[in-house]
Amino acid sequence: MHNKKSANSYSNQQNFSYTGAEQSFTIPGGVNSILIKVWGAEGDNDRAGSDGGGLGGGLGGYAEGYLSVTPGQVIKIYVGESPSCNSVCSNGSPGGYNGGGIGNQYGAPGGGATDVRIGSYSLNDRVIVAGGGGGNAMGSIGGYGGAGGGLIGGDGEDNGVYLGGHGGTQDAGGIKAGSYGSGQGGSFGQGGGMNNAYHNAGGGGGWYGGGMGSGHGGGGGGSSYIGGVTSGSTTSGIRSSHGKAEIYY
């Protein structure tokens with residue numbers, strides 16, 4: 001049973017910002033429980049569509065919870081990236097580090113998730129995840145990206161026949177939008193996208209990634225996850241820029 005405490009009740013705090021690589025934290029002596037807070041990254045948000053709409057990649061989600069640990073144990077932290085195309089994206093624009101989906105010309109890439117892993121540090125070893133936001137559509141008609149979850153990621157904005165990607169859930173990736181090529185829906189740990197395809201916004205990374213948007217529709221947000229921690233909670237769509245993580249002990 002955890003002795004649940006607020007962040008202010010802990011003596012020590014370690015912060016982790018985006019670096020583009022895994023980061024490590026070794027549990028100090030005498031510590032048996034930690035409080036983890038993670039924020040996913042925002043989807044790309046370089047500019048609006050030509051109509052002035054859709055100036056917004058989806059904001060990253062938030063998750064927190066308590067984890068039982070042992071002194072000397074090493075945990076790994078993966079902080080999501082908010083990608084940037086520097087105005088108009090090109091075909092194959094990389095998604096944000098840690099699962100953001102690929103963007104294309106006039107369809108922005110998705111933001112990466114932020115997570116903490118134990119054991120062998122694979123995607124299956126994530127104990128807590130904060131979903132990344134979907135990329136925005138920035139063609140002649142702009143469309144907002146969906147927010148990172150929450151236990152379910154937000155859907156990208158629809159624009160008439162041009163559909164936004166759906167948000168990831170707890171057991172499935174977000175459904176891709178139906179037009180402008182084949183593309184991918186979200187999958188476990190990965191936002192959907194389509195390389196070298198005009199338009200098509202990338203989904204956000206997450207427990208399950210958001211689906212690709214099509215045409216003038218935004219990418220879906222990734223889902224958050226608190227299944228490996230206790231007393232967990234999530235909040236959808238609150239983080240702009242890169243993700244971050246905080247550990248209290």
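**Figure 1. Overall view of the predicted chain and its strands.** The chain holds 0 helices and 11 strands, in a model that is predicted. Read from start to end of the sequence, the elements therefore follow the pattern β-β-β-β-β-β-β-β-β-β-β, and the chain is as compact as a globular protein of its length, because its radius of gyration of 17 Å is close to the 18 Å that the globule rule gives for 249 residues. Taken along the principal axes, the box filled by the C-alpha atoms is roughly 60 × 30 × 25 Å. Among the contacts with a separation of 6 or more, 68% are accounted for by residues 24 or more positions apart.

**Figure 2. Surface and charges of the chain.** The accessible surface comes to about 9000 Å², and carbon and sulfur atoms hold 47% of that area, while 56% of the 249 residues count as buried. The chain carries 10 positive and 14 negative charges, and the mean positions of these two sets are 9 Å apart.

**Figure 3. The largest nonpolar core.** This core has 22 residues, of which F25, I34, V38, I77, V116, I128 and I247 touch the most other members. Two or more residues each are given to the core by β3 (33-39), β4 (60-68), β5 (74-78), β7 (126-130) and β11 (244-248). In soluble globular proteins, nonpolar side chains tend to be buried together.

**Figure 4. Close-up of I247 and the residues around it.** I247 is one of the core residues that touch the most other members. When residues up to four places away in sequence are not counted, I247 touches N12, Q13, Q14 and F16, together with F25, I34, L35, I75 and I77. Of these partners, F25, I34 and I77 are themselves listed among the core residues that touch the most other members.

**Figure 5. Close-up of M212 in the loop between β9 and β10.** M212 is found in the loop between β9 (142-143) and β10 (230-239). The residue has a relative accessible area of 0%, which is under the 20% limit, so M212 counts as buried. From C-alpha to C-alpha, M212 and A21 are 25 Å apart in space, and the two residues are 191 residues apart in sequence.

**Figure 6. Close-up of Y162 and of the cis peptide bond at G150.** Y162 is found in the loop between β9 and β10, and the place of G150 is in the loop between β9 and β10 as well. With a relative accessible area of 24%, Y162 is partly exposed. Y162 and S214 are 52 residues apart in sequence, yet their C-alpha atoms are 6.0 Å apart in space. The peptide bond that runs from G149 to G150 is cis, and its omega is near 25°.

**Figure 7. Close-up of two residues with positive phi, Y121 and S241.** Y121, which is found in the loop between β6 (114-117) and β7, has phi near 65°, a positive value in a residue other than glycine. S241, found in the loop between β10 and β11, has phi near 70°, again a positive value in a residue other than glycine. Y121 is partly exposed, with a relative accessible area of 23%, and S241 is partly exposed as well, with a relative accessible area of 38%.

Definitions and conventions. Residues numbered from 1 in each chain as written. Predicted model: local features only at pLDDT ≥ 70, side-chain atom pairs only at ≥ 80, totals over all residues. Heavy atoms only, no water. Helix = DSSP H or I, 4+ residues; strand = E, 2+ residues; numbered from the N terminus. Rg over C-alpha atoms; globule rule 2.2 N^0.38 Å. Buried < 20%, exposed > 50% of the residue type's maximum accessible area, 1.4 Å probe, protein only. Contact = heavy atoms within 4.5 Å. Areas by Shrake-Rupley, 256 points an atom, 1.4 Å probe, with all protein chains shown as cover. Lys, Arg positive; Asp, Glu negative; His and termini not counted. Charge placed at Lys NZ, Arg CZ, Asp CG, Glu CD. Core = buried A, V, L, I, M, F, W, Y, C linked by side-chain atoms within 4.5 Å.
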